[in-house]
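User: Could you take me through the sheet in this protein, strand by strand, along with whatever packs or loops around it? I'd like one connected walk rather than a list.

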Amino acid sequence: MKLSNRAQVVIATTAVLLSLTACGQKEEATVGQKIDGAMTSTEQAALQARQDMESTAADIKREGEQAVQSVTTAATDMAITTKVKAALAADDQLSALKIDVDTVQGVVSLTGPAPSAEAAERATTLAKAVEGVTEVQNKLVVG
């Protein structure tokens, strides 16, 4: 597992602290000051590393929630498309026609031929009746 830069700084600072303590030099004040500085740096690096990890965890959680929402929306759109196609297939005048149905976030687009303006309107009515449909864009061509 690869260590983050912050973790490497914490480890390096701790190593310096231990080596200064083990050194046993006679200049107590200078060594003490170095130990204090090293401890302060270690504490700051540890705090920053914790904040970085918490921020990364929050980012991962948010991205996971967005991915779940995206998959849920796609599955819902697929279910809507299937239900609209089934409703069109059950209609006598529309069942034999090649009507393409696309759904994006609840908005259904109907494209293809319709035998009459009434049949095209019926296609819109059938699509709107499907649960989850928020809008129908009827692009059927009469003729």
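Analyst: Here is a walk through the sheet and its surroundings, after a few ground rules.

This is a predicted model, so local features are taken only where pLDDT is at least 70 and side-chain atom pairs only at pLDDT 80 or more, while totals for chains, interfaces and linings use all residues. Residues are numbered from 1 along each chain as its sequence is written, and side-chain values use heavy atoms, with hydrogens and water left out.

First, the setting. The protein chain has three helices and three strands, where helices (H or I, at least four residues) and strands (E, at least two) are DSSP runs numbered from the N terminus. Read from the N terminus, the order is α-α-β-β-α-β. Of its 143 residues, 24% count as buried; buried means under 20% relative accessible area, exposed means over 50%, and partly exposed is in between (1.4 Å probe, protein chains only). The chain exposes about 9,800 Å², with carbon and sulfur atoms supplying 58% of that; the areas come from the Shrake-Rupley method with a 1.4 Å probe, and for residues only the protein chains shown count as cover. Among contacts with a separation of 6 or more, 57% are between residues 24 or more positions apart, a contact being heavy atoms within 4.5 Å.

Now the sheet itself. The three strands form an open sheet in the order β1-β2-β3, with mixed pairing. That leaves β1 and β3 (135-142) as the edge strands, each pairing on one side only. On average, neighbouring strands are turned by 10° against each other, direction ignored. Two strands pair if DSSP finds at least two bridges between them. As background, strands of a sheet pair through backbone hydrogen bonds, either parallel or antiparallel.

Start at β1 (100-104). Its side chains alternate: Val 101 and Thr 103 point to one face and are buried, whereas Asp 100, Asp 102 and Val 104 point to the other and are not. β1 runs antiparallel to β2, and five bridges join them. Two of the pairs to look for are Asp 102 with Ser 109 in β2, and Val 101 with Leu 110 in β2.

The turn between these strands deserves a stop. The hairpin of β1 and β2 has two residues between the strands, and Gln 105 takes a positive phi near 50° there, although Gln 105 is not a glycine. For comparison, most residues other than glycine have a negative phi. Gln 105 is exposed, with a relative accessible area of 62%.

From β2 (107-114), the other partner is β3. β2 and β3 pair in the parallel sense over eight bridges. Here Val 108 has Val 136 in β3 as its bridge partner, and Leu 110 has Asn 138 in β3. Leu 110 is therefore a handy residue to click on, because it is also the bridge partner of Val 101.

Getting from β2 to β3 takes you over a helix. β2, α3 and β3 make a right-handed β-α-β unit; right-handed means that, with the strands pointing away from the viewer, the path from the first strand over the helix to the second runs clockwise. α3 (117-128) lies across β2 and β3, running at about 160° to β3. Axes here are lines fitted to C-alpha atoms, for helices over the stretch in contact, and angles run from 0 to 180 degrees between N-to-C directions.

Two loop residues round off the picture. Ser 116 sits in the loop between β2 and α3 and is buried, at 18% relative accessible area. Apart from neighbours within four places in sequence, Ser 116 is in contact with Gln 93 and Val 142. Asp 91, in the loop between α2 (28-90) and β1, is buried as well, at 12%. Its side chain reaches the backbone nitrogen of Gln 93 at 3.0 Å and makes a polar contact with the side chain of Arg 122 at 2.7 Å. A polar contact is a pair of N or O atoms within 3.5 Å; within protein, one must be able to donate a hydrogen and the other to accept it, and residues adjacent in sequence count only if both atoms are side-chain atoms. Not counting residues up to four places away in sequence, Asp 91 touches Arg 122 and Leu 126.
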